[in-house]
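Welcome! Please have the sequence and the model open side by side as you read. We will look at the cysteines and then at the inside of the protein.

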Amino acid sequence: MSKRKKVASIMFTGTAATALVGAGVQPAAAAPSDWTITPGGSGIAGHNATDAILTVDTAGGPISLVCPASTVDATATLENTNGAPPVQLGTIDTATFGTEDNPCSLFGLGVVATLDNAIPLNATAFPSGGVTQGSLGPNINATITGTNFVCNMHVTGTTIAGNYNNGTGVLAVNPAGARTLHIDDVSGCLGLFQVSNNAGFQADFTVNPKQTISHES
């Protein structure tokens, strides 16, 4: 190739590349990080290792509904995935809080609750030191009813922060105690609660079988 043709070829290549970028055609991005959850799958169980507490901010001060250890049962599905945080790793499929025979407590009165729908389980940061920061939500909905008194209450919210520890196998839900939920509907319940009262749910769940969450760039 002559020197003149070689220069022209270089100029054409540079011009074409500039035109592609200007048209919105960008170079291929690096592949997203790979997340691996072992063993993962469906039917993963979780039980509260300590008291699980819903705290509601009322006009008279905070009021707590307490579920003693091992009275909350949850199931989850976790799957391998790709992407940079935030990324969904699975779902909390079901959750029950207390039973008729072993209910949670509101001032010594029995209450039970159920999660109304499956909610996403997300990683909001890459694992560090075996701990993955994350969130539950959006679209959190739960129904609370009294077992020995008239109480019907609906709790909703967007997301709840949490983290999972590979070493202990514990999912910590809302360790900071943030009030990211609210009362959406209420009747009875001793007249203690009002619609739009803010609420926060805190619990530590032991996951069985224990999971390991990792990522590889």
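## The Cys-151 and Cys-189 disulfide

Cys-189 is buried, its relative accessible area being 0%. Keep in mind as you read that this is a predicted model. The partner of Cys-189 is Cys-151, and the sulfur atoms of this disulfide sit 1.9 Å apart. The bond brings together distant parts of the chain: Cys-151 belongs to strand E13 (residues 151-157), while Cys-189 lies in the loop between strand E16 (181-188) and strand E17 (198-208), 38 residues apart.

What about the other end of the bond, Cys-151: is that residue buried or exposed? Cys-151 has a relative accessibility of 3%, and the cut-off for buried is under 20%, so Cys-151 counts as buried. As for handedness, the torsion about the S-S bond of Cys-151 and Cys-189 is about 90°, so this disulfide is right-handed.

## The Cys-67 and Cys-104 disulfide

How many disulfides are there? The count comes to two. In the pair formed by Cys-67 and Cys-104, the sulfur atoms are 2.0 Å apart. Here too, distant parts of the chain are linked: Cys-67 is in strand E4 (residues 61-67) and Cys-104 in strand E8 (residues 104-106), 37 residues apart.

You will find Cys-67 buried at a relative accessible area of 7%, and Cys-104 counts as buried as well, at 3% relative accessibility. The torsion about the S-S bond of Cys-67 and Cys-104 is about 95°, so that disulfide is right-handed. If you number the bonded cysteines of the chain in sequence order, the pairing reads 1-2, 3-4.

## The cavity

Now for the enclosed space. How many cavities of 30 Å³ or more does the model hold? The count is one. The volume of the largest cavity is about 680 Å³.

To find the largest cavity on your screen, start from Phe-97, Leu-136, Val-173, Phe-201 and Phe-205, which are the lining residues that lie nearest its centre. In total, 47 residues line the largest cavity. Which strand gives the most to this lining? That is strand E5 (residues 72-78), with five residues.

## Chemistry of the lining

Sorted by class, the lining of the largest cavity has 38 nonpolar and nine polar residues. Charged residues are absent from this lining. Among the nonpolar residues are those nearest the centre, since Phe, Leu and Val count as nonpolar.

Methods. Residues are numbered from 1 along each chain as its sequence is written. This is a predicted model: local features need pLDDT of at least 70, side-chain atom pairs count only at pLDDT 80 or more; totals for chains, interfaces and linings use all residues. Side-chain values use heavy atoms; hydrogens and water are left out. On a 1 Å grid over the protein atoms alone, a cavity is a set of points where a 1.4 Å probe fits but cannot get out, and a pocket is an open set with protein on both sides within 12 Å along at least five of seven lines; lining residues have an atom within 4 Å of a point. Grid points are joined across faces, edges and corners, and a volume is the space filled by probe spheres set on the points. Helices (H or I, at least four residues) and strands (E, at least two) are DSSP runs, numbered from the N terminus. A disulfide is a pair of cysteine sulfur atoms within 2.5 Å. Buried means under 20% relative accessible area, exposed over 50%, partly exposed in between (1.4 Å probe, protein chains only).
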